[in-house]
Protein chains: 4
Amino acid sequence: MTEAIGGIAADALKSYLDRIMNLEIEKKAIAEDIKMVFSEAKGTGFDTKIMRKLLTLLKMEEHERKEQEELLDLYMRAAGVE
Amino acid sequence: MTEAIGGIAADALKSYLDRIMNLEIEKKAIAEDIKMVFSEAKGTGFDTKIMRKLLTLLKMEEHERKEQEELLDLYMRAAGVE
Amino acid sequence: MTEAIGGIAADALKSYLDRIMNLEIEKKAIAEDIKMVFSEAKGTGFDTKIMRKLLTLLKMEEHERKEQEELLDLYMRAAGVE
Amino acid sequence: MTEAIGGIAADALKSYLDRIMNLEIEKKAIAEDIKMVFSEAKGTGFDTKIMRKLLTLLKMEEHERKEQEELLDLYMRAAGVE
DNA sequence: CTGCCATTTTACCGGC
DNA sequence: GCCGGTAAAATGGCAG
């Protein structure tokens with residue numbers, strides 16, 4: 001890395017950084033698209049917060065979900081929540 | 001043929017969820033690409049940690065520039081310059 | 001605001017900004033303390049993620065909680081999740 | 001006298017939750033104070049939006065300085081300067 | 001496997 | 001009073 005300044009390495013580095021930045025721009029654009037879909041859904045009366053929760057659950061395996069619920073239940077009882 | 005379940009347009013909901021899930025897949029693919037570029041850079045001897053720091057600095061400079069412009073805008077508006 | 005530069009208003013502004021920044025420092029310190037408690041809890045074997053969920057639930061009114069659950073349920077059925 | 005519920009030290013859990021909740025109350029109080037300062041500033045004719053922008057710029061400059069130092073550190077280490 | 005960093009989610013504030 | 005954007009918190013993922 002010490003020869004990076006003014007050498008071939010510097011060009012390579014710039015190239016890598018450029019590629020990354022461009023990809024990040026693309027990624028950001030898609031994130032925008034996602035936001036727009038949510039916004040559209042909201043405009044037709046859907047609750048986006050619930051939609052997000054639903055998406056999370058869809059990604060989760062069932063046993064994983066059950067496990068979490070049980071643990072939460074246990075903690076609630078331990079904390080004295082009825 | 002929108003089937004309503006409990007007052008919810010089921011088809012519309014499914015469509016939104018589908019679109020979002022597909023966009024998320026695309027986004028993830030780009031994230032993978034970024035990772036690969038880093039990995040390639042690492043393979044040619046670059047320090048990814050330094051690369052990341054450079055990227056954050058570059059982004060911050062850009063962001064700062066933007067903030068300053070916005071501030072100037074606000075000032076002008078506050079001063080009655082339309 | 002246009003007389004702000006070099007006038008009394010500038011001093012007032014600085015004073016406000018200072019007060020705010022100091023308060024933000026205090027706030028941040030407390031946030032650190034909270035993190036430390038979580039970290040301590042984790043060290044004695046508790047699952048901090050579940051603890052956070054529990055805290056959220058404790059802050060929520062019961063009817064509010066029920067409402068959200070029912071809505072989620074409705075959406076799940078609408079989306080065809082069994 | 002730690003009572004165990006399902007293998008959970010109930011007293012310990014309650015204690016952690018209490019400490020966290022109290023700290024959160026303190027934090028919230030400071031947040032209120034900050035709000036009051038903004039409100040006071042607004043009352044004397046300042047534009048809170050501009051104030052917020054200034055604060056973000058100030059924070060960003062500080063942050064950037066820090067990042068640059070860290071980057072320099074990294075460079076030196078990469079160059080074998082310990 | 002632990003700590004760090006990015007992304008995501010949540011809460012807040014100001015405007016309409 | 002809602003809604004949009006903006007800052008803080010929390011979750012998840014990654015490198016070391």
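The exercises below, each with a worked solution, deal with the contact between two chains, with salt bridges, and with two DNA strands.

This is a predicted model, in which local features need pLDDT of at least 70 and side-chain atom pairs count only at pLDDT 80 or more, while totals for chains, interfaces and linings use all residues. Residues are numbered from 1 along each chain as its sequence is written, chains are lettered from A and ligands numbered from 1 in the order in which they are written, and side-chain values use heavy atoms, with hydrogens and water left out.

**Exercise 1.** Describe the contact between chain A and chain B by its residues and its buried area.

*Solution.* Begin with the residues in contact (heavy atoms within 4.5 Å): chain A gives 28 residues and chain B gives 29 residues. Next, take the buried area, which is the accessible area (1.4 Å probe) that two parts lose on being put together, summed over both. For chain A and chain B this is about 2,800 Å², and 83% of it lies on carbon and sulfur atoms. Then count the pairs: there are four salt bridges between the two chains (a side-chain nitrogen of Lys or Arg within 4 Å of a carboxyl oxygen of Asp or Glu). There are also four residue pairs in polar contact between chain A and chain B, both residues being at pLDDT 80 or more. A polar contact is a pair of N or O atoms within 3.5 Å; within protein, one must be able to donate a hydrogen and the other to accept it, and residues adjacent in sequence count only if both atoms are side-chain atoms.

**Exercise 2.** Which helix gives the most to the side of chain A that touches chain B, and how do the residues of that side divide by class?

*Solution.* Helices are DSSP runs (H or I, at least four residues), numbered from the N terminus. In chain A, α1 (8-43) and α2 (48-59) each supply at least two residues of the side that touches chain B, and α1(A) gives the most, with 20 residues. By class, this side of chain A has 20 nonpolar residues, one polar and seven charged. Here Ala, Val, Leu, Ile, Met, Phe, Trp, Tyr, Cys and Pro count as nonpolar, Asp, Glu, Lys and Arg as charged, and the others, Gly among them, as polar.

**Exercise 3.** Find where the partners of the salt bridges E40(B) to R19(A) and E40(A) to R19(B) lie, and state whether they are buried or exposed.

*Solution.* Side chains of opposite charge can pair when their charged atoms come close. E40(B) and R19(A) meet in a salt bridge at 3.1 Å, N to O, and this pair crosses from helix α1 of chain B to helix α1 of chain A. E40(B) counts as partly exposed because its relative accessibility is 38%, and R19(A), at 35%, also counts as partly exposed. The term covers the range between buried (under 20% relative accessible area) and exposed (over 50%), with a 1.4 Å probe and protein chains only.

In the second pair, the closest N and O atoms of E40(A) and R19(B) are 3.1 Å apart, and the pair runs from helix α1 of chain A to helix α1 of chain B. E40(A) is partly exposed at 39%, as is R19(B) at 34%.

For a pair inside one chain, look at D73(B) and R77(B), which form a salt bridge with closest N and O atoms 3.1 Å apart. Both lie in helix α2 (residues 48-78) of chain B, four residues apart, about one turn of the helix.

**Exercise 4.** Work out which residues surround DNA strand E and which part of the strand they approach.

*Solution.* A residue is near a strand if one of its heavy atoms lies within 4 Å of it. DNA strand E is surrounded by K27(A), K49(A), R52(A), K27(B), K35(D), T48(D) and R52(D). Sugar and phosphate account for 100% of the atoms of the strand that come within 4 Å of the protein. By class, the residues divide into no nonpolar, one polar and six charged. Looking at single side chains, an N or O atom of K27(B) is 2.4 Å from a phosphate oxygen of DNA strand E, and for R52(A) the distance is 3.1 Å.

**Exercise 5.** Describe the surface near DNA strand F by class.

*Solution.* This surface has no nonpolar, two polar and seven charged residues. Among the residues around DNA strand F are K35(B), K42(B) and K49(C). A polar side-chain atom of K35(B) lies 2.3 Å from a phosphate oxygen of the strand, and one of K49(C) lies 2.7 Å from a phosphate oxygen.
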